[in-house]
Amino acid sequence: MQTITVIPGDGTGPELIAATLRVVEATGLDIKWEMAEAGMTAHEKGLDYLPDETLSSIRRNKIALKGPLTTPIGTGFRSINVALRKALDLYVNLRPVKTYKGVLSRYDDIDLVVVRENTEDLYAGIEHMVGEDAAESIKIITRKGSDRIVRFAFDYARKEKRKKVTAVHKANIMKCTDGLFLNVARQVAEEYQDIEFEERIVDNMCMQLVSKPHLYDVMVMPNLYGDIVSDLCAGLVGGLGVAPSANIGADAAIFEPVHGSAPKYAGQNKVNPTATILSAVLMLKYMDQGDAAAKIEGALAEVIAGKKDVTYDLGGGATTSQMADAIIRKMGHPQ
Ligand code: NAD
């Protein structure tokens with residue numbers, strides 16, 4: 001039996017996570033959920049925003065499923081999510097982007113994967129004012145950080161039977177930092193002769209993704225470009241409601257929707273559970289439970305294509321829990 005840490009999170013997080021746990025349970029897998037607190041919900045109970053027990057639970061179980069957290073305003077925490085990623089050295093941000101029939105989007109058949117470095121670059125948070133009228137931020141790129149993220153992208157491509165990895169950079173301008181990233185990418189690519197490798201400058205990459213997204217497969221890039229390019233890709237397939245993500249390190253992984261806590265809908269059983277359910281699909285694949293993952297994804301795709309049992313943002317009138325019920329029915333588990 002596998003024990004998984006579950007952080008329901010804030011706002012609409014608890015209802016999205018509840019729906020997702022029911023869908024995962026319907027696969028029949030032997031999983032035990034270990035509930036943990038974080039965010040405003042933890043704070044309101046008199047706990048820290050990121051309690052030590054929550055970190056220990058993830059360290060112990062190595063896998064966590066997480067709802068969105070509301071970022072507290074006016075406290076020392078820049079972001080609890082960033083703190084979690086740092087504490088557990090979750091250096092990969094993996095964002096697959098796929099079209100599901102029935103979701104309004106610009107293109108059919110998009111199937112892209114963004115592998116974003118999650119710990120370095122301008123997100124190292126080293127910035128300061130220089131006098132009153134200038135500010136400086138330091139961009140950190142290391143050989144170790146670049147090597148492990150590019151290697152992850154190639155290993156992922158191999159495991160998922162994908163054909164090509166594109167390294168995204170701006171080494172023509174940032175010859176030192178992005179130059180190091182690109183050189184490491186070229187060196188790592190030599191070791192994966194079975195996977196095609198190519199390079200794109202980030203501005204050209206964005207243009208190409210908007211005009212010819214079908215030319216691309218797995219893309220790997222430093223933190224800031226990854227942040228922007230992955231949202232661009234989410235926009236290609238219908239937005240945040242259907243965008244899952246994984247934060248992966250050597251010793252732990254956290255799976256969560258890309259979207260936030262949508263606090264204005266909290267408690268209304270209204271928002272779309274797709275991104276959270278697809279995050280659980282990523283989690284099951286990571287656990288080598290490919291059959292269970294495929295079963296959920298297939299049922300979810302059918303429900304979305306049917307357009308009837310889906311939430312308001314997908315053009316239907318179903319609640320969060322009704323959409324989960326429909327997915328469970330499609331999986332062959334009548335309610
Ligand atoms: P948001 O993603 O919560 O909402 C943006 C828009 O998308 C809203 O109109 C919302 O109603 C809609 N939306 C979001 N999820 C949806 C879903 N599942 N189904 C249907 N519609 C959905 O972004 P925000 O309003 O900028 O942020 C709210 C809070 O969430 C903030 O405190 C922010 O810091 C936090 N946040 C957390 C995470 C995370 O924990 N990973 C990520 C982003 C934002």
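Which residues do ring pairs link into a cluster? They are Phe 154, Tyr 192 and Phe 197. Rings of Phe, Tyr and Trp (its six-membered ring) pair if their centres lie within 6.5 Å.

Before the exercises, some ground rules. This is a predicted model, where local features need pLDDT of at least 70 and side-chain atom pairs count only at pLDDT 80 or more, while totals for chains, interfaces and linings use all residues. Residues are numbered from 1 along each chain as its sequence is written, and side-chain values use heavy atoms, leaving out hydrogens and water.

**Exercise 1.** Classify the ring pair of Phe 152 and Tyr 156, and place it in the chain.

*Solution.*
- Step 1: grab the numbers. The centres are 6.1 Å apart, with 20° between the planes.
- Step 2: apply the rule. Planes under 30 degrees apart count as stacked, over 60 as edge-to-face and the rest as tilted. Our pair is stacked.
- Step 3: find the rings. Both sit in helix H5 (residues 143–159), 4 residues apart, so about one helical turn separates them. Helices here are DSSP runs (H or I, at least four residues), and strands are too (E, at least two), numbered from the N terminus.
- Step 4: check the cover. Buried means under 20% relative accessible area, exposed over 50%, and partly exposed in between (1.4 Å probe, protein chains only). Phe 152 has 16% and Tyr 156 has 13%, so Phe 152 is buried and Tyr 156 is buried.

**Exercise 2.** Do the same for Tyr 265 and Tyr 312.

*Solution.*
- Step 1: the centres are 5.7 Å apart and the planes meet at 55°, so this pair is tilted.
- Step 2: the pair links distant parts of the chain, 47 residues apart. Tyr 265 is in the loop between strand S12 (253–257) and helix H9 (274–286), and Tyr 312 is in the loop between helix H10 (290–306) and helix H11 (320–330).
- Step 3: Tyr 312 has 37% relative accessibility, so it counts as partly exposed.
- Step 4: look for a charge. The charged end of Lys 270 sits over the ring of Tyr 312, 4.9 Å from its centre. The rule asks for NZ of Lys or CZ of Arg within 6 Å of the ring centre and within 35 degrees of the ring normal.

**Exercise 3.** Find backbone atoms that lie close to oxygen atoms of the ligand.

*Solution.*
- Step 1: a polar backbone atom of Ala 262 is 2.8 Å from a ligand oxygen.
- Step 2: for Gly 260, a backbone N or O atom lies 2.6 Å from a ligand oxygen.
- Step 3: for Ser 261, the distance is 3.0 Å, again from a backbone N or O atom to a ligand oxygen.

Key: Polar contact = N/O pair within 3.5 Å; in protein donor to acceptor, adjacent residues only side chain to side chain.
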